[in-house]
Amino acid sequence: MKRAWIAAGAALALTSGPALTQDKTIKIGFVSTFTGPPAAIGNDMKNSFELGLEHHGRKLGGLPVEVIYADDQTKPEVGVQKTQELIESNHVDFVVGYIWSNVLIASLKPLIDSKTMTVVTNAGASQFAGELCSPYAFSTSWQNDQTPAAVGLYMNQKGVKSAFLIGPNYAAGKDMLAGVQQTFKGQIVGQELTRWPDQLDFSAELSKARAAKPDAIFAFYPGGAGVQFVTQYVQAGLKGQIPLYTAFTIDDLSLPRLKDLAVGVPGAQEWVNDLSNPANQKYVADYKAKYNASPSFYGAQTYDAVGLIDSAVTAVKGDLSNKEGMRKEMEKANFKSVRGNFRFGNNHIPIQDFYLQDAAKNPDGGYSLHTVATIVKDDQDRFHDRCPMK
Amino acid sequence: MLYFFEQFLNGIQLGMLLFLLAAGLTLIFGIMDLVNLAHGSLYMLGAYFAATFADWTDSFLLGALLALAATAVTGMLLEVIAVRRLYGRSHLDHVLGTFGLLLFFNELVRLIWGPAGMTLSLPSEMLNAVEVLPGLFYPLYRLVIIGVTLVVAVLMYLLIMRTRLGMLIRAGASNREMVGALGVNIKLLYTMIFGLGAALAGFAGLMQAPILTVQIGMGENILIAAFVVVTIGGIGSIRGAFMASVLVGLADTVGRAFVPDLLHAFLSESASSSLGRALSSMMVYLVMALVLIARPEGLFPAAGK
């Protein structure tokens, strides 16, 4: 399978780069999940990356691109092994991707030790923003705490006095529940971390939430688990009783499955498909035309990675050994991001706005997410002080 | 008190789901002496069929009935084409063979339905909670699961204890050669049992689909719990499977609902929460260990074994 990818990437690189720089290509290793239900996320990221490459004529900074896709199977131990393979056997110039915080944490050591240029396009582990930050690693997403912290601010605005928090028991789940507590001023009446990734029935936890009688429930359930959680929340008759606030639970991938159940459940995000900047309009329209689906934030962040890498390679005029030069250019975030322009903090995590988003039914019978308001402007994660880079 | 009762219902409901899965498993394991890891695949197929047919017919009920028939037919075809070749071989061969089938079905589902998973939507009147006791609301659909499974359990009992087919099944379990010598078509009998087991697995899959999910590999986690149920209940015993299902369902729910809070009474916050989570995921296996120490054959060992 992997050999086929390499062959396909090589073939594309050859056909798109005639005569000029035949001998020189950029090798990009792309680590994401391509098996099991989370493959829906991985495919959205891959589709967006491919679309980004097409928008650049499959050349970044003038050099033809070869992409090697690697499947982490949602497992940290597989993720680190694939990362090592990309660095040591494939000698890639860039590593891009990572959905899961626990997979990223496991894979950080080989990335940092080998000083491989890295663009993380989703996972936002607090360690990566803090003590494990690296001069050569950048993020086009966020630090985990930021999105739930924005939700917490919105809950304050809505006058929520008490909340019950629930999420899965892994690195990101812990970050998320900590994040909402950073900003939420009300009382936390209960907190649950459920088995991950195999627990899909939340009846006992929803009963607990109901018994705690909070003003609101905050939930973080990424991917397919979000569909189950919201469905069971509605089936328990809680939708009319205790409002639900979410982070990364309702997205463009889960919405077609949740449909009406998701309408009226607010969430926060740094990117929504209806943001009106030209780069985003082009990305969303072309994605829909090519793949007949709406892109998600996972895809948008990955699409941005293409622009970021292009800016770096252009700045060093294709000299991929000049890592210092690429790093300095990337720190400027000098490309057209689909979320609108942003800058990087000292730890290479974006300083950016977070929006309130809402799901609504369209006149044509479909469902889509909409930007309602800006919750917080130029938000910087709270771990940047722990990063030794200044 | 109401909260306790609500958690009790949660436990019963989980138990009912496990029973549907374990009943088919214990039939096949007990009567045909076949370790069937592909049972979870039939559970997955039931859910995928139901989601697809419900989409075509625009009716949850019609979709469920069609899916039930389709899973039974798939099960019988599977038995004739592949599983039949495994009888009389060692359990290790069973595990290898049916594990291969499990991988095959996962890939087949990915090719046909794609990796994203599907949704089986409930009719809107089911999307609600009803007041079971004053002040206690419980999801209507979960009550339906409990009710329907009890009906299935009674039907199973009648089928096995009161019909000719049931008599043959019981006879086949005790002494296969003798039943064959008496002129009963044992091959056909086995195909039918496998089909029945498949239908039960498919039924479990489609019943849980609106609550949990319709996705690849959905049968694998719950299959482990179903094997625990079969072991606790006594291999081949439907009655044992029923009792053990309720026991395991309650143990799992009680573990998740009360153990962390209980520990919190005499441990610090962080210690009790991490220990509580660890303990609550072990509860089911602790129960199994205790039962097996007291009764190594399970709660209700099948007669003649």
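**Entry 1: salt bridges between the chains**

I began with the interface of chain B and chain A in this predicted model, and across that interface I found three salt bridges by the rule. One of the pairs I looked up is Glu6(B) with Arg210(A), whose side chains meet in a salt bridge at 3.4 Å, taken from N to O. I then widened the search to the whole structure, where the salt bridges over all chains come to 19. Returning to my pair, I noted that Glu6(B) lies in helix H1 of chain B while Arg210(A) lies in helix H8 (residues 203-212) of chain A, so the pair joins two chains.

**Entry 2: the rest of the interface**

I next looked up the contacts, and I noted that 32 residues of chain B touch 30 residues of chain A. For the size I used a common yardstick, since an interface is often described by the accessible area lost when the parts come together. Here chain B and chain A bury about 2,700 Å² between them, with 50% of it on carbon and sulfur atoms. I also counted polar contacts between chain B and chain A, and I have 15 residue pairs, both residues being at pLDDT 80 or more.

Which elements give two or more residues to the side of chain B that touches chain A? I listed helix H1 (2-32), strand S2 (136-139), helix H10 (238-257) and helix H12 (269-294), all of chain B. The largest share of that side, five residues, comes from H1(B), the helix in which I had already placed Glu6(B). Sorted by class, the side of chain B that touches chain A holds 16 nonpolar, ten polar and six charged residues.

**Entry 3: a sheet in chain A**

I then turned to chain A, where six strands form an open sheet of mixed pairing, and I wrote down their order as S2-S3-S1-S4-S5-S6. Why is one side of S2 and of S6 left without a neighbour in the sheet? Strand S2 (59-60) and strand S6 (137-139) of chain A stand at the edges and each has a single partner strand, so one side of each stays unpaired there.

Within this sheet I followed strand S4 (residues 94-97) and strand S5 (residues 117-120) of chain A, which run parallel and are joined by four bridges. Val96(A) stands opposite Val119(A) in S5(A). Last, I looked at helix H13 (residues 323-330) of chain A, which lies across S4, S5 and S6 of chain A and runs at about 25° to S5(A).

Conventions: Residues are numbered from 1 along each chain as its sequence is written. Chains are lettered from A and ligands numbered from 1 in the order in which they are written. This is a predicted model: local features need pLDDT of at least 70, side-chain atom pairs count only at pLDDT 80 or more; totals for chains, interfaces and linings use all residues. Side-chain values use heavy atoms; hydrogens and water are left out. Contact means heavy atoms within 4.5 Å. Buried area is the accessible area (1.4 Å probe) that two parts lose on being put together, summed over both. A salt bridge is a side-chain nitrogen of Lys or Arg within 4 Å of a carboxyl oxygen of Asp or Glu. A polar contact is a pair of N or O atoms within 3.5 Å; within protein, one must be able to donate a hydrogen and the other to accept it, and residues adjacent in sequence count only if both atoms are side-chain atoms. Ala, Val, Leu, Ile, Met, Phe, Trp, Tyr, Cys and Pro count as nonpolar, Asp, Glu, Lys and Arg as charged, and the others, Gly among them, as polar. Two strands pair if DSSP finds at least two bridges between them. Axes are lines fitted to C-alpha atoms, for helices over the stretch in contact, and angles run from 0 to 180 degrees between N-to-C directions.
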